Amino acid sequence: MPRRILVTSALPYANGPTHLGHMTEVVQCDIWVRFMKLAGHECLYVCADDTHGTPIMLKAKAEGITPEELIGRVGAERRSDFAAFGIGFDNYYTTHSEENRRLTVRMYEALVAGGHITRRPVLQAYDEQAGMFLPDRYVKGTCPLCRTPDQYGDSCENCSGTYTPLDLIDAVSVVTGTPPVARESEHIFFKLADFEPMLRQWTRSGALQAEVANKLDEWFDAGLRDWDVSRDAPYFGIEIPDAPGKYFYVWLDAPVGYMASFENLCRRRGLDFDAYWKPDSTAELHHFIGKDILYFHSLFWPATLEGAGFRKPTAVHAHGFLTVNGEKMSKSRGTFVTARRYLDALPPEYFRYFLAAKLGPGLVDVDLNFDEFATRINAELVGKLVNIASRCASFIQRGHDGRLADALPDPALYDEFVDAGIGIAQAWESLEYAAAVREIMALADRANLYIDRQKPWLAARDPARAAEVQAVCTQGLNLFRALMIYLKPVLPAMAERAEAFLGAPVRHWRDVDQPLVGTRIAEYQALATRVDPTALQKLVETPMTTDAQKPVAPAVTAEISAEEFARIDLRVARIEAASLVEGADRLLQLTVDLGGARRTVFAGIRSAYQPEQLIGRHVVVVANMKPRKLRFGVSEGMALAATGDGGLFLVGPDAGATAGMKVS
Ligand SMILES: [Zn+2]
């Protein structure tokens, strides 16, 4: 019985280029969708750009364009990146659409009617110069708990403490550099706790992975708080109908974008929207998301759907992050790999294969290790899989005019390959991709072993054994075809080339049941070539600065007088020792020589520097900084560094300067 399934992957935020983190998610989702379609199910895959919110508004302003122009440009880049990686969306749309506005308003009005919306005043940081309320991440200052400078307004990266922007010491607005003031405004809240009984039941209904359901229990125990769903103008988003000057918080309308994209598809294809979204719908709804947005998809989203009279998701599948050579993707380390940079260096399907070989159904991170990547492509994809076809094809072409034998010489071996398809299908469906790839590669070993034993290259020397050569190579090509069918969800383009070569298009997973005999094959052309390991290095060599991602410099802060500047005693210092600080991921402990005096300085530069790189370097420090007591010791100065989107860079004098020199 074919299932009707609607699938989504999370909406990528439209304020930067597509990177391999996005690609991990859409590839995982795409493999699943392609498998379900191949298995005969009616499966639709929709997605959209997430386009609203303060960052997009400010970024467009900094570029001197409208937000619509910005999201139009990013959306076009993103579509072409996804297409290059073979992502087979049925519809890719945008949350800045009339469908999304209508559906979001409809959802809100239903929540109001159900009594699930409440209003109350909120005291918030306000930038008087910019004339706007500041999101938490737009206020920076010194942590009120551990006194680490340059922390965001919601939490401290050093001590992990949480607070509000107004708690920060010496807080400044990131937008204008001016100190924010506290201002009150009425906000609109969604009463999440109204849905606790439903959520407790739904989270244990099989809709979530067990480890996710356990995480939710912690959130239930902590208590479900009201969710602030409004933002004051200026904001780029959807206006709230009964609250002039107020907009829906981007996270309310973003998941509605799944429905909006689907509604747009319904209109194009004449599908029935309600059949998928009404509460008693028999269609399935699957969301693929990163583990960082679980709260939104496993609490807010099902609750708002329920409150607005829609169905709830059948399943939310969360996955881990992509790391590069064991490190978090980072712009300052040059490991922030954009889709474009990857495409300039390597074939897209190699990434799809590598991911499939690494992905399981859990939340663990996947590491893009370059050595492993090259090994898997060269040893598995090229050395094992493609090798089967290239070893057999020429004998059929040369000796038999491209015609396959009329029967398989070893039907039992072929049946083993067919039977293995049952377990492989289960693995794809349950997101056990690594297990599926393992099984397919074990079969590839068996196919190669078969050819090794039959030695068609020896038999081909004896014209009397021509029929034997044809039969053995027909067997080999059929084993190869079975494996290509099993990998078709992962390698759609390569599978298509293989089908063209074999002269037999594959339309269904069970096409494997019928071997190809007595038919003609086309000329063999290389299906995959080895990876040059130097190509992988191109992914990380230089930190990325594309035009789309040119860092925008923050506005200049309020003026100071020459006297005020002179109060800061800046000195050249030589780093004598540097070490990691246990319990502080961002800090390095430096011992610096100030031309006689020795100081200890804790600097938040660990993300960009290894301790051993720093010894002997000259830097500029604030020598008359009031000593600050940290958990790990006393910091007796501050090392100057340039920071921004491009990373973090220590400031040093030109060659010749010596420790202790005054900087002015
Ligand atoms: Zn702190």
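The legends below describe close-up views of a predicted model.

**View A. The zinc ion and its four cysteine donors.** In this predicted model, the zinc ion is held by the SG atoms of Cys143, Cys146, Cys156 and Cys159, which lie 2.3 Å from the metal. The angles among the 4 donor atoms run from 105 to 113°, and the site is tetrahedral. For comparison, the ideal angle for four tetrahedral donors is 109.5 degrees.

**View B. The zinc donors along the chain.** Read along the chain, the donors of the zinc ion follow the spacing C-x2-C-x9-C-x2-C. Cys143 and Cys146, two of the residues that supply an SG atom to the zinc ion, are both buried.

**View C. The pairing of strand 2 with strand 3.** Strand 2, which covers residues 42–49, pairs with strand 3 in the parallel sense, and 4 bridges join the two. Within this pairing, Cys47 stands opposite Tyr92 of strand 3.

**View D. The two covered faces of strand 3.** Strand 3 is covered on both of its faces, with Asn91 and Tyr93 buried on one side and Tyr92 and Thr94 buried on the other.

**View E. The surroundings of Thr94.** Thr94 belongs to strand 3, which spans residues 91–94, and Thr94 is among the buried residues of that strand. The side chain of Thr94 reaches the backbone nitrogen of His96 at 2.9 Å, while, with residues up to four places away in sequence left out of the count, Thr94 touches Ala48, Asp49 and Thr51.

Definitions and conventions: Residues are numbered from 1 along each chain as its sequence is written. This is a predicted model: local features need pLDDT of at least 70, side-chain atom pairs count only at pLDDT 80 or more; totals for chains, interfaces and linings use all residues. Side-chain values use heavy atoms; hydrogens and water are left out. Donors are N, O and S atoms within 2.8 Å of the metal (3.2 Å for Na, K and Ca); water is not among the atoms, so sites may look incomplete. Four donors count as tetrahedral if all angles lie between 85 and 135 degrees; four count as square planar and six as octahedral if opposite donors are over 155 degrees apart and all others between 65 and 115; anything else is irregular. Buried means under 20% relative accessible area, exposed over 50%, partly exposed in between (1.4 Å probe, protein chains only). A polar contact is a pair of N or O atoms within 3.5 Å; within protein, one must be able to donate a hydrogen and the other to accept it, and residues adjacent in sequence count only if both atoms are side-chain atoms. Contact means heavy atoms within 4.5 Å. Two strands pair if DSSP finds at least two bridges between them.
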